[in-house]
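Me: I am new to this structure and would like a close look at a single part. Please take one strand, follow what lies around it, and then go on to the ligand.

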Amino acid sequence: MTRVFSGIQPSGVPTLGNYLGAIRNWVPMQDTHESIFCVVDLHAITVWQDPKELARQTREMAAALIACGLDPKRCTLFIQSHVHAHTRLAWIFNCVARLGWLNRMTQFKDKAGKDREAASSGLYVYPNLMAADILTYHATMVPVGDDQRQHLELANDIAEKFNHDYGVDFFPRIEPLIQGVAARVMSLRDGTKKMSKSDPSDQSRINLTDDHDAIALKIRRAKTDPEPLPDHVSGLEARPEARNLVGILAAITGTMPENVLREHGGKGFGAFKEVLVEALVGHLTPIQREITRLLDDPAALDAQLRLGADRAEAIAAPICARAEGIVGFLPRR
Ligand code: TYM
């Protein structure tokens, strides 16, 4: 069975972008693939995280993933720092990846901002750790949103160079799976920027834990243009905000943008936004109830994550050990 791996940072509450672009696509894969999902706390500390907040958010992210439909019985769900193979293989990959490759990573440039000298070295080698996450499981399919594409190309370059340099056929090629109308959910304040946990404006995103009033306020205030909705998707070109809201409604109701426009074309945004609010609230309320229920019993949640880490380790440790052997590390006897 094809092995699937994906991860999410616990650097905040999951956004509607995380949900529609990634998490929701992970849920059905549990029944069709051997699925491994990971809360990537090691990646989160590449930028400053308050320690107490990081611990709280890591648990909250795990609860949110389960509430969205990941079932620890049908998939392997765990916390990245609990399985040491990730960092061990990442070190080897730090020595395989070339500086020139990392210099091309657009996410580093975006996250480091103007003062690149002040960025952590972890942020720079972030994609090497991501390659290790996937390859220490020999996973071949990686369901992600569109913004991760470049990182996955780099992971394939690393795997290929490792195989070439050591004359082995050890790491498989990985295939990004970037699916659906919501592979790129945009900010509510600027339809040309992606919706992100780290945007300083909370008004730019819907958080999975936002209540009815917060969702209503954010959607009503979302940037739009003065024209009514078009009847056809071709009318969304050069209207990034309109396209984003139509895409969100299509994704949340499980249809295509053309069907949304068939029903709502010609309406003004005032009326359309009310439809969107109701759809979002209806969809997210049960998820929120489940998050609250899971967080009420942290011991039970931690026990599930411990089991997930045991299962993950059983796959990852032997693969990492074989990679270390290929490199020439003497095994501890
Ligand atoms: P992260 O935590 O930024 O996002 C988690 C997932 O959500 C997707 N996503 C979006 N999709 C659509 N629209 C958006 N606005 C949006 N924002 C986020 C992301 O594409 C991602 O799939 N580097 C990764 C975490 C990671 C990982 C891995 C992923 C670490 N190791 C190994 C896959 C495989 C990240 O920062 O995701």
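Reply: What follows starts at strand 2, then turns to two loop residues and to the ligand.

This is a predicted model, in which local features need pLDDT of at least 70 and side-chain atom pairs count only at pLDDT 80 or more, while totals for chains, interfaces and linings use all residues. Residues are numbered from 1 along each chain as its sequence is written, and side-chain values use heavy atoms, with hydrogens and water left out.

Strand 2 covers residues 34-39. Helices (H or I, at least four residues) and strands (E, at least two) are DSSP runs, numbered from the N terminus. Of the 6 residues in strand 2, 5 are buried, where buried means under 20% relative accessible area, exposed over 50%, and partly exposed in between (1.4 Å probe, protein chains only).

Strand 2 has strand 1 (residues 3-8) as a parallel partner, with 6 bridges between them; two strands pair if DSSP finds at least two bridges between them. In this pairing, Ile-36 of strand 2 has Phe-5 opposite. Between strand 1 and strand 2 the chain passes through helix 1 (residues 16-32), and this β-α-β crossover is right-handed. That term applies if, with the strands pointing away from the viewer, the path from the first strand over the helix to the second runs clockwise.

Strand 2 also runs parallel to strand 3 (residues 76-79), joined by 4 bridges. Here Cys-38 is opposite Phe-78 of strand 3.

Two loop residues have a positive phi although neither is a glycine. His-138, with phi of about 50°, lies in the loop between helix 7 (121-135) and strand 4 (141-143). Ala-238, with phi near 65°, is in the loop between helix 9 (212-221) and helix 10 (240-253). Ala-238 counts as exposed because its relative accessibility is 78%.

The ligand has 26 residues around it, and Gln-9, Tyr-126, Asp-133, Asp-147 and Val-185 come nearest. A residue is near a molecule if one of its heavy atoms lies within 4 Å of it. A side-chain N or O atom of Gln-9 is 2.8 Å from an oxygen atom of the ligand. For Lys-197, a side-chain N or O atom is likewise 2.8 Å from a ligand oxygen atom. Gly-17 uses a backbone N or O atom, 3.2 Å from a nitrogen atom of the ligand. Taken alone, the ligand exposes 710 Å², and the protein buries 97% of that; accessible areas come from the Shrake-Rupley method with a 1.4 Å probe.

Technical notes
A polar contact is a pair of N or O atoms within 3.5 Å; within protein, one must be able to donate a hydrogen and the other to accept it, and residues adjacent in sequence count only if both atoms are side-chain atoms.
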